[in-house]
Structure formats: structure tokens, C-alpha cells
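Colleague: I am new to this one. Could you take me through it step by step?

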Amino acid sequence: AIPLVVAISTAVSANNGLLIRNRTAFENSRLITTIIFDKTGTLTQGSHEVAQVVSFDQRYPEQELLRLASGVEQNSEHYISQGILRKVKADGIAIPASDNFNYLPGKGLEGTVEGSDVKVVGPNYIKEYGIQVPESKAEEGVETVVYVMVDQQVAGYISMRDQIRPESVGAIKVLKENGIKNLLLTGDNERVAKSVSDKLGMDGYLANVLPHQKQEKIKELQAQGEFVAMTGDGVNDAPALAQADVGIAVGSGTDVAAETADIILVNSNPQDIASLIMFGKATYRKMI
Ligand code: ADP
Ligand code: MG
């Protein structure tokens with residue numbers, strides 16, 4: 001016979017946009033005390049639209065920056081890549097071939113395009129190598145900025161806009177009302193992280209976080225006695241999803257993340273996470 005809790009939880013999970021890969025983790029979701037959210041794709045739409053393209057070098061005007069960037073970005077499934085490729089296609093620019101593609105986890109991408117070394121990288125990379133860049137005019141707190149480098153020189157930047165998912169406000173509210181701590185952990189810049197965290201009334205955020213640091217942060221919280229859930233979408237979130245007591249992959253994310261996670265959030269809707277925890281608590285109370 002199917003145990004009652006399994007029957008109930010399966011029915012509820014199907015109705016709530018959750019795909020359960022690990023039954024124990026699912027049943028333990030009532031124990032969650034802290035949730036770490038990856039910003040993109042769960043709390044935000046992940047619908048990055050190119051907002052501004054700014055050239056610092058007359059050899060590489062705006063359309064040329066986009067074209068070179070698309071050469072390397074075509075090798076990735078990241079939200080940033082998809083946004084840049086949509087823009088390039090809309091502008092009727094032909095995407096050039098690239099080779100020697102290299103993914104720089106949490107920092108960006110690089111490859112060879114038409115004989116030049118092209119990098120598309122975020123502030124993490126710029127800071128790490130102490131590269132000087134003119135101040136960006138990207139709108140404070142709203143735009144994610146990636147720099148386009150050609151043969152080690154910063155040629156310009158592309159800024160992108162994402163939207164907070166309307167469901168995120170309610171999801172964070174429910175979690176807070178139930179005493180569950182919520183933190184935003186993102187590889188994106190400080191201003192964007194703070195803006196999202198503030199708008200949603202979250203308990204806190206960490207910006208410019210590299211993939212391995214997500215895993216370390218979870219360990220740290222676990223050592224403090226927290227039972228930690230984490231949402232993630234990317235290849236580089238796999239170690240953090242594995243470290244978490246309950247790893248939740250976002251439906252629109254990569255296969256690697258989905259294979260590591262305990263639960264898959266089919267509709268990428270953060271409210272389904274709140275439902276998951278509330279349901280777990282309610283079911284457990286009924287059974288004892
Ligand atoms: P998050 O924690 O928000 O999911 P990621 O670890 O996926 O962030 O990425 C962190 C940062 O690395 C991005 O904000 C960006 O600066 C840079 N980056 C990641 N992927 C790409 C890409 N495909 N193209 C350019 N930059 C990227
Ligand atoms: Mg990510």
C-alpha cells in the first residue's frame with residue numbers, strides 16, 4: 001500500500017507545480033528554517049532585455065559590441081546570453097562563429113571570434129583583475145552590467161534589465177509570517193541585489209557571490225543549526241543545491257541543476273515554495 005503521506009504529498013505536489021525527486025527531502029521541507037534564493041529566474045523573471053549598449057572604443061561601435069558578444073554568448077544558456085542573442089537577432093545582426101569557448105563560473109564567458117579574444121564578463125571579473133573601467137551610466141539598482149573585452153581591452157558594456165516576478169512579493173511575505181528566514185545570494189552586482197532584496201522586504205542579501213561561495217554560505221548556516229533550502233538554476237549552482245538540506249531547482253534552469261536538486265519548481269514560481277513548506281507543516285500536524 002502507498003503510505004498516506006506519500007499519496008497526499010504526490011497529489012499536492014502535482015497541483016502545486018513541484019516535481020519531487022527526493023521523497024525524504026520533500027517530507028523534511030516542513031523543517032526548513034532558512035531559504036536562500038538565487039535571484040534570477042525565481043524571484044525575477046530571468047527575462048533579461050538589453051537596455052543600453054555603450055562603447056568605450058571607436059573601433060567597436062554598439063552593434064559591433066553586440067555582434068562580438070553574441071559570438072561567445074551563443075555557447076551558453078544563461079539568461080544574460082539569451083537576452084543578448086534575442087537583441088542581436090531582433091537587430092538583424094549575423095552571429096559570428098567562435099571557438100576556444102571557455103566558461104568562467106560566476107564571472108562570464110570567453111572565446112575567440114574572428115581571431116580576437118572576446119570576453120563578456122561581469123563586475124566580479126573586472127574586480128578580480130583590477131581592470132579600470134569608465135563609470136557605467138546603467139540605471140542604479142536596476143540594470144545588470146556585463147563588459148565586452150576585446151584582446152584584453154574593455155571595449156564597452158551591455159546593460160540588461162530583468163523584472164521581479166509579481167508572485168515574489170507574496171511568497172516572501174508568507175515565509176516571513178511563518179518565521180522562515182530568507183536571503184538573496186547572487187553573482188550579480190550589489191546595487192541590483194540590494195534593490196531586489198529591498199523591494200521584496202527580504203531579510204538580507206549577498207552580492208558578487210561566486211558559485212563555490214554559495215555552498216560555503218549554506219554550510220555556515222547549517223553549522224549555526226539552520227535547516228537550509230536553496231533555489232538555483234545554473235550548472236554552477238549544483239554544489240550549493242547538493243549542500244542544502246532541501247535543494248530546489250528552477251524549472252527553466254539547466255539539466256545539471258535539475259539532476260542535483262531534491263525538488264524541481266516546474267513553473268519557477270516562488271509561491272510554490274511557500275506552499276510546499278506550509279503544506280508540509282500542515283500535513284505533519286494532522287498526522288500526529
Ligand atoms: P546568479 O547568482 O545571479 O545566478 P551567476 O552566477 O549565474 O549569477 O552569474 C553571476 C555573474 O556572472 C552575472 O551577473 C554576470 O556578471 C556574469 N555572467 C554569468 N554568466 C554570464 C554570461 N553568459 N555572459 C556574461 N556574463 C555572465
Ligand atoms: Mg544563476
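Colleague: Which residue in strand β4 (residues 99–104) has a positive phi although it is not a glycine, and is it buried or exposed?

Modeller: Keep in mind that this is a predicted model. The residue is Asn-100, with a phi of about 55°, and it lies in strand β4. A residue counts as exposed if 12 or fewer other C-beta atoms lie within 10 Å of its own. Asn-100 has 11, so Asn-100 is exposed.

Colleague: Where does Gln-152 lie, and is it buried or exposed?

Modeller: Gln-152 also has a positive phi, near 70°, and is a residue other than glycine. Its place is in the loop between β7 (143–150) and β8 (153–161). It has 9 C-beta neighbours inside 10 Å, so Gln-152 counts as exposed.

Colleague: Let us turn to helix α4. How many of its residues are buried?

Modeller: Helix α4 covers residues 62–73 and has 12 residues. From its first C-alpha to its last it reaches 16 Å, close to the 16 Å expected. Leu-65, Leu-66 and Arg-67 are among its buried residues, as are Gly-71, Val-72 and Glu-73. The helix is largely enclosed by the rest of the structure, because the number buried is nine of the 12.

Colleague: What is the radius of gyration of the protein, and how does it compare with the globule rule?

Modeller: The protein has 12 helices and 13 strands. For 288 residues the globule rule gives 19 Å, and the protein comes close to that, so it is as compact as a globular protein of that length. Its C-alpha trace spans about 70 × 35 × 30 Å along the principal axes. The radius of gyration is 20 Å.

Colleague: What share of contacts between residues at least 6 apart in sequence join residues at least 24 apart?

Modeller: First, burial: of the 288 residues, 47% count as buried. As for those contacts, the share joining residues at least 24 apart is 60%.

Colleague: Now the ligand. Which domains give residues to the shell around ligand 1?

Modeller: Ligand 1 is surrounded by 24 residues, and the closest are His-78, Gly-108, Gly-122, Thr-186 and Gly-187. The shell divides into six nonpolar, 13 polar and five charged residues. Among the elements that each supply at least two shell residues are α3 (39–43), α5 (79–90) and β5 (108–113). Ligand 1 lies between two domains, because both give residues to its shell: domain 1 (4–45 + 163–287) and domain 2 (49–161).

Definitions and conventions. Residues numbered from 1 in each chain as written. Chains lettered and ligands numbered in written order. Predicted model: local features only at pLDDT ≥ 70, side-chain atom pairs only at ≥ 80, totals over all residues. Helix = DSSP H or I, 4+ residues; strand = E, 2+ residues; numbered from the N terminus. Expected span 1.5 Å × (residues − 1). Buried ≥ 20, exposed ≤ 12 C-beta atoms within 10 Å, placed from the backbone. Rg over C-alpha atoms; globule rule 2.2 N^0.38 Å. Contact = placed C-beta atoms within 7 Å. Near = placed C-beta within 6 Å. Nonpolar A, V, L, I, M, F, W, Y, C, P; charged D, E, K, R; others polar. Domains from an automatic or database assignment.
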